[in-house]
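Reader: I am new to reading protein structures, and I would love a guided tour of this one. Please take me through it step by step.

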Amino acid sequence: MEYSREELLICTIAHMLDGVDHVAVGVASPIPGAAAMLQHALGGVGRVTVLNSRHAQAITDGATELFDMAAQGRIGAFFLSGGQIDGQGNINLIGIGDYPDLDVRWSGSFGSAMLYYLVPRVILFREEHTRRTLVEAVDFITAPGTSDGIHRPGGPYGLVTNLCVFDFDKAVGGFRLASLHPGVTLEEVHDNTGFVFAQPEVVRTTPHPRPCDLEQLRGAVGLRVADPYPSFAGRVWGISQPKEFCF
Amino acid sequence: MITELVDLVAQIPHGASVAVPANRSGPAIAATRAMIRAGLRDLHVIGVPTSGLQADLLIGAGCVAVVESAGVTLDEFGQAPRFVAAVKAGDIALKDSTCPALISAVQAGEKGIPFIPIRGLIGSDLLRHRPDYRVVDNPMEAGDPIVVVPAIRPDVALFHAPLGDRNGNVWIGKSRELMTMAHAARKTLVTVEALSEDDLLADPKHGPATIPAHYIDAVVHVENGCWPIGLSGHRLTDASAMTRYAHMAKTDAGFEEYLSLAPMAAE
């Protein structure tokens, strides 16, 4: 079956969530959100919380509850990104330059400087795979990839981009190439990556989405995705925004 | 207690610390426009835990000296352009933080305790730039360094809620951080989407999510008081108005023009 770039990324991330009891997804993350909903529909994820959705958000204690759940170990997987991500798994959500005198300023840290430490399986997702985004060392460490001597049950699990999937090796504190997306060459990944990474002798290709995954995405799961991410579902699957949609 | 926007704004002094909620939890945007018209200066805006259009408007209008937040964003409408411009120009002081640290600090404020421990943050550059955040040893268990952050007691908590009553009680629904903000703040100023003729505290369905009037210093009935932001479960975000703002606010001139138009200039 033919599939879109978004569908490949969704199915790739969904695979990384298999076996997680509770996956939480932040705002403005339609591809990770769709991946969590897909894996839930396939039975590999117990529960999905999507912030600001009507149906996938059983939260009644306001803004604190997500973080309280994370601190207690009630969230098994979460997604973070970064304006810059470096080879040690450090992420930068603040900006480029010498803080506070920044040349480029991004929106801010949000919950990353806590969730990155506490959620066991944090999947980094950054579609743009360039030397601008994947750098040798971030300008500002919003949250570090690894830590010594502190309470840290969580951290990076992998990094998914438009070109490939990296696993994060906690013992080494760096990335290892896991698979190249169909049609992507190893040279392309080297040319566009600003950090050094390990690689296996034989590099796998990221599996194509299975027909059953695509059927789910274009059907029941797509409709669920349209609740928190209406414009995304409209663009990718032509699903129109539910009329009563509020946030 | 039940009053007008002009009187609500008159309770905010220049230089006040003003705690505000995230875009989706009821920012009082109509009140924010009134603050800008009143020419408030040197405000310390505290996002609980983030802010968006509200902080951006106040920053652009020159009302803000300090932004303390875990983020300033227009969400799906992109970056907050006046915030970004002010950071680049060095016009505002930054107290960057992370969501749970801000929420916990306000919870410490409501408890009347001086500080609160928070996980994470160690090894983040955020901590290096926050001398008021400290690392201490867990006194209960050796070998467990942990960050403590000082309590926040804002001068003012300001937000928009779905429902108030004639006694000045305010129902907040699931946005519990509004309750936390009201408990912690020295003064709480609220606009409400609707005014009930019933006593919300006496109603078993509304009571548990109602802020009692004794925490509240002003309630103003402002229908669509978050516009162009929506109110979760009640009103949609006005996407075309947000897109227009995001576009106009990209330049100094565009933002000045935005300020000169209705309903910014008068309403």
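Reader: What phi does B:G62 take, just after α3(B)?
Author: Start at helix α3 of chain B, residues 53-60; helices here are DSSP runs of H or I with at least four residues, strands are runs of E with at least two, and both are numbered from the N terminus. Just past the end of α3(B) you reach B:G62, whose phi is positive, at about 80°.

Reader: What kind of model is this?
Author: Residues are numbered from 1 along each chain as its sequence is written, while chains are lettered from A and ligands numbered from 1 in the order in which they are written. Side-chain values use heavy atoms, with hydrogens and water left out; local features need pLDDT of at least 70, side-chain atom pairs count only at pLDDT 80 or more, totals for chains, interfaces and linings use all residues, and the model is predicted.

Reader: How many residues of α3(B) are buried?
Author: Buried means under 20% relative accessible area, exposed means over 50%, and partly exposed is in between, using a 1.4 Å probe and protein chains only. B:L53, B:Q54, B:A55, B:D56, B:L57, B:L58 and B:I59 meet that cut-off. The helix is largely enclosed by the rest of the structure, because the number of its eight residues that are buried is seven.

Reader: Are α3(B) and α4(B) parallel, perpendicular or oblique to each other?
Author: Their axes come within 7 Å and cross at roughly 50°; an axis is a line fitted to C-alpha atoms, for helices over the stretch in contact, and the angle runs from 0 to 180 degrees between N-to-C directions. Under 35 degrees is roughly parallel, over 145 roughly antiparallel, 65 to 115 roughly perpendicular, and the rest oblique. The two helices are therefore oblique.

Reader: What are the classes of the residues where α3(B) contacts α4(B)?
Author: The crossing is left-handed, meaning that the near helix is turned anticlockwise from the far one by less than a right angle (clockwise would be right-handed). Contact means heavy atoms within 4.5 Å, and here B:D56, B:I59 and B:G60 of α3(B) meet B:P81, B:R82, B:F83 and B:A86 of α4(B). Ala, Val, Leu, Ile, Met, Phe, Trp, Tyr, Cys and Pro count as nonpolar, Asp, Glu, Lys and Arg as charged, and the others, Gly among them, as polar. By class, that gives four nonpolar, one polar and two charged residues.

Reader: Which residues of α7(B) meet α5(B)?
Author: α5(B) and α7(B), residues 177-184, pack at about 50° with axes 7 Å apart. That angle makes them oblique, and the crossing is left-handed. From α5(B) come B:V106, B:Q107, B:G109 and B:E110, and their partners in α7(B) are B:M179, B:T180, B:M181, B:H183 and B:A184.

Reader: Which helix gives the most to the largest nonpolar core?
Author: A nonpolar core is a set of buried Ala, Val, Leu, Ile, Met, Phe, Trp, Tyr and Cys residues joined through side-chain atoms within 4.5 Å. The largest one has 136 residues, and A:F166 and B:F83 have the most contacts inside it. Seven of its residues come from the helix that gives the most, chain B's α5.

Reader: Is B:I172 buried or exposed?
Author: B:I172 sits in the loop between β9 (170-171) and α7 of chain B. Beyond residues up to four places away in sequence, it touches B:F159, B:A161, B:P162, B:L178, B:M179, B:A209 and B:I211. Its relative accessibility is 2%, so it counts as buried.

Reader: What is the relative accessible area of B:N224?
Author: Most residues other than glycine have a negative phi. B:N224, in the loop between β12 and α8 of chain B, has a positive phi near 60°. It is partly exposed, with a relative accessible area of 24%.

Reader: What is omega for the peptide bond from B:W227 to B:P228?
Author: Most peptide bonds are trans. B:P228 is in the loop between β12 (218-221) and α8 (239-248) of chain B. The bond leading into it from B:W227 is cis, with omega near 5°.

Reader: Which residue is joined to B:A262 by a cis peptide bond?
Author: Look at the segment after α9 (252-260) of chain B. There omega is about 5°, and the cis bond joins B:A262 to B:P263.
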